Amino acid sequence: MGFKEYVLRKTIYAIITVIAIIILNYFIFLVLPGNPVHLLVQMTAGYKVNPEQLEYLKKLYGIDQPPLQRFINYFLHAIRFDFGYDLLFEQKPVINVILERLPNTILLLGTATIITIILGISLGVKAASRPGTKFDSAVVFSGLIGYSFASWWVGMVLLYFLGYMLRLFPLRGTVSPDIPPGDVVAYIKDLLWHMTLPVTSLVIVSFGGYALVVRNILVDILTEDFIITARAKGLPERIVLFRHALKAAAPPIITMVALSFAFIFTGAILTESVFAWEGMGTLIWQSIQYRNYPVLSGVFTIVAYLVVLAFYIADFLYGVLDPRIRVGR
Amino acid sequence: MSVKTKILLMKLKDFWFEYKRSKSGLIGLGILIFFVSLALAAPLIAPYDPLRDTYLAGAYALPAWAAPPSVPRNMHLESPSYPKPIRIVGDYKEWNVKMLLDYPCKEPPARMIIQITLEYDDEELKSFTSKGYMPWYSIVVVKPDKKEMEVAKAFIETKAVRFDTGLKTGLVEKIFTMPGTYKILVKVGGYGLTFKLVKVTVDIKGKAWGILGTDWQGRDVWSQLVWGTRTALIIGILASVLGVSIGILYGLISGFLGGKVDEVMMRLADVLIAIPKLPLLIALAVILEPNIWLVIVLLGFLGWMGIAKVARSMTLQIKTMQYIEAAYAAGASNARVMIRHILPQLMPYAYANLALSVPDAILVEAGLSFLGLGDPRRITWGKMLHEAQATAALSQGAWWWVIPPGLAIAFLSMSFVLIGHAIDEILNPRLRKL
């Protein structure tokens with residue numbers, strides 16, 4: 001099987017998965033009680049709405065059609081990122097609501113994820129190159145912490161000591177309200193100031209897990225014959241580690257990195273809620289509380305797309321990196 | 001003892017022999033045993049109801065050991081007990097109960113509650129009230145500097161009169177302004193009504209109390225922590241058992257059947273991986289009435305995919321081994337091969353994952369409770385943190401309410417991670433590295 005065929009097969013898998021996800025999401029929100037028109041009527045006008053308005057609303061949300069037609073409509077719209085209109089925030093298209101919140105979340109979690117990955121991989125590689133040392137045990141220990149601590153709790157504690165007691169950081173929010181509009185430097189400074197604690201609490205609990213996984217994979221690889229050969233050739237340890245070992249360890253690490261990036265999109269519901277950060281996590285939480293299903297369904301579907309994309313990219317890179325995968329099996 | 005149990009015992013003995021050598025495994029086991037004994041001994045060591053026993057001390061009372069002696073503690077004072085209840089004939093005559101309270105602190109207490117227990121004839125009272133007369137009580141405090149202060153004067157409407165400074169802000173601070181001996185005088189008057197005074201009790205609610213202080217409603221944080229241990233253990237272990245069982249069976253069946261079925265089953269697992277777990281759980285918890293059994297089932301059903309994938313690839317490899325072929329040659333059925341020959345090979349992986357999946361369940365449940373989606377009738381660590389966050393406990397400086405549950409979550413999770421790693425190392429399923 002050639003590389004083209006491999007990519008083709010993975011593409012077909014990805015498409016099938018996306019279709020299945022859209023179907024599954026449709027049913028999740030079909031099962032959840034209450035439909036948008038009901039909720040809208042309850043929220044805006046009480047229970048008395050004249051029949052014409054009801055008909056209009058039903059038509060607007062496509063509820064008047066038979067189930068199969070509704071599903072097909074949903075499907076056709078979902079693949080074009082059209083999830084209908086949101087029920088709360090001034091009835092904007094769902095995709096616009098999401099796009100408004102997305103930058104904040106990408107900023108917060110993107111930063112945290114990048115720091116986590118860089119820190120995690122470099123510490124993991126370093127630990128694997130000297131197994132059994134104190135440094136190694138420290139990395140393993142921080143990995144265990146990562147599995148055990150809740151980032152939102154770490155956030156609460158940081159907020160207490162650094163924010164409340166020492167007054168070094170703001171207690172909540174994304175930017176201070178008193179920043180003069182147009183002052184870009186002040187704005188960026190303020191944003192970074194607000195970001196520090198949430199990013200720190202996210203990184204503290206996640207870099208160790210990364211480091212541990214990278215370390216465990218590398219420790220195994222470093223005992224293999226080709227590493228011994230590389231060392232026997234007299235290659236410097238740096239090259240052995242980064243060119244030979246890390247390349248062999250790449251596939252599972254790539255999957256991990258890709259998945260981390262895919263799940264950035266959902267935001268960190270709990271951490272965002274502790275810091276009152278106006279991101280996707282808060283949006284999801286609000287949407288759940290107010291049964292704002294169109295927004296939720298949009299978020300779920302987009303996350304699913306991203307996860308599939310992440311797996312797809314990972315598979316593609318596997319194929320590039322490891323010829324055995326595309327030729328064998 | 002049958003041969004089978006003997007073999008099992010021997011295996012366990014061997015396992016323990018290996019396990020003993022893992023230092024981190026022993027630490028994990030130690031922490032777990034600590035938490036399990038907390039959970040088992042909960043009724044003995046945490047006598048208060050974590051949710052219903054309010055105002056055991058003042059709100060946000062410090063842990064007793066962390067407070068200097070200058071912080072007021074709980075005090076309890078009872079009027080001299082009357083061997084025979086004294087009959088008071090009101091008739092404009094005033095009657096005093098005089099009590100002496102040695103108050104040692106400069107700082108005022110959180111609140112003072114005075115209870116007056118009376119007996120009177122209901123019919124008699126009715127005939128009086130119908131004429132427009134009402135019996136009354138009055139409480140006067142004489143401060144150490146001899147200044148008198150009437151803190152309460154009101155009509156008597158029940159036989160258990162209760163006066164609480166907590167109902168008026170700033171009152172308790174006005175009463176207790178200095179250390180020294182306070183006189184508390186209680187007067188009851190009743191326009192000729194006959195009273196039996198049973199007793200008067202004075203309760204000072206302190207600002208330092210118990211092992212871990214109190215929360216915003218004066219409830220015992222230690223009891224909450226101890227009872228929360230039970231919930232955390234139940235949820236963590238059961239959700240993990242459910243998730244791992246589903247994962248192993250799913251992977252086993254998928255890998256064993258192979259071909260198209262395998263393809264479809266693995267696609268389905270991929271689809272479920274792609275659904276954001278926490279948002280879905282939150283949505284379901286908001287809509288379905290949350291209780292811990294529901295949370296366990298949801299966690300179990302959303303947490304098996306990774307395990308299934310590994311179990312499948314292990315099954316694929318085991319399937320090609322010669323002893324499987326031999327089993328078939330000996331006439332074994334598919335079901336027998338699956339259950340008797342392949343499943344046991346997956347078990348080491350399952351055991352390690354049983355321990356390793358617990359932390360995830362504990363953390364996710366804590367997160368759900370933190371958002372206020374926990375079982376309302378059960379205390380959990382997440383719920384403690386939820387209430388702490390909702391009442392801005394940290395801005396009251398109530399670290400004893402926030403730090404312990406978070407550390408408990410972390411240490412319990414860590415114990416399972418350590419145990420899981422130790423088991424993993426011993427049973428060392430090389431097959432996993434496919």
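Biologist: How many residues does each chain give to the contact between chain A and chain B?

Modeller: In this predicted model, chain A contributes 36 residues and chain B contributes 34 residues. On the side of chain A that touches chain B, the elements giving two or more residues are α1 (3-31), α6 (134-148), α7, α11 (269-275), α12 (280-289) and α13 (293-321) of chain A.

Biologist: What classes of residue make up the side of chain A that touches chain B?

Modeller: That side has 30 nonpolar residues, five polar and one charged.

Biologist: Now to a helix in chain B. Is helix α13 of chain B mostly covered or mostly uncovered?

Modeller: Helix α13(B), residues 381-390, is mostly covered, with nine of its ten residues buried. Among the buried ones are Trp381(B), Met384(B), Leu385(B) and His386(B), and also Lys383(B) and Glu387(B).

Biologist: Which elements do the buried residues of α13(B) pack against?

Modeller: They pack against α7 (151-165) of chain A, and in chain B against α6 (221-257), α12 (334-370) and α14 (399-427). Just after α13(B), Ala392(B) has a positive phi of about 50°.

Biologist: How is a pair of packed helices described?

Modeller: By the angle between the two axes and the distance between those axes. Here, α6(B) packs with helix α7 of chain B, residues 259-274, at an angle of about 145°, and their axes are 7 Å apart.

Biologist: Which residues meet where α6(B) packs with α7(B)?

Modeller: From α6(B) come Tyr250(B), Ser254(B), Gly255(B) and Leu257(B); they meet Gly259(B), Val261(B), Asp262(B), Met265(B) and Met266(B) of α7(B). By class, this contact has five nonpolar, three polar and one charged residues.

Biologist: What sign does phi have in most residues other than glycine?

Modeller: In most of them phi is negative. Ala276(A) has a positive value, near 50°. Ala276(A) sits in the loop between α11 and α12 of chain A.

Biologist: Why does Ala276(A) count as partly exposed?

Modeller: Because 14 other C-beta atoms lie within 10 Å of its own. A count of 12 or fewer would make a residue exposed, and 20 or more would make it buried.

Biologist: Where in chain B does Lys146(B) lie, and what is its phi?

Modeller: Lys146(B) is in the loop between β5 (136-142) and β6 (148-155) of chain B. Its phi is near 70°, again a positive value in a residue other than glycine.

Biologist: Is Lys146(B) buried or exposed?

Modeller: Lys146(B) counts as exposed, because it has 7 C-beta neighbours inside 10 Å.

How values were computed: Residues numbered from 1 in each chain as written. Chains lettered and ligands numbered in written order. Predicted model: local features only at pLDDT ≥ 70, side-chain atom pairs only at ≥ 80, totals over all residues. Helix = DSSP H or I, 4+ residues; strand = E, 2+ residues; numbered from the N terminus. Contact = placed C-beta atoms within 7 Å. Nonpolar A, V, L, I, M, F, W, Y, C, P; charged D, E, K, R; others polar. Axes fitted to C-alpha atoms, helices over the stretch in contact; angles between N-to-C directions.
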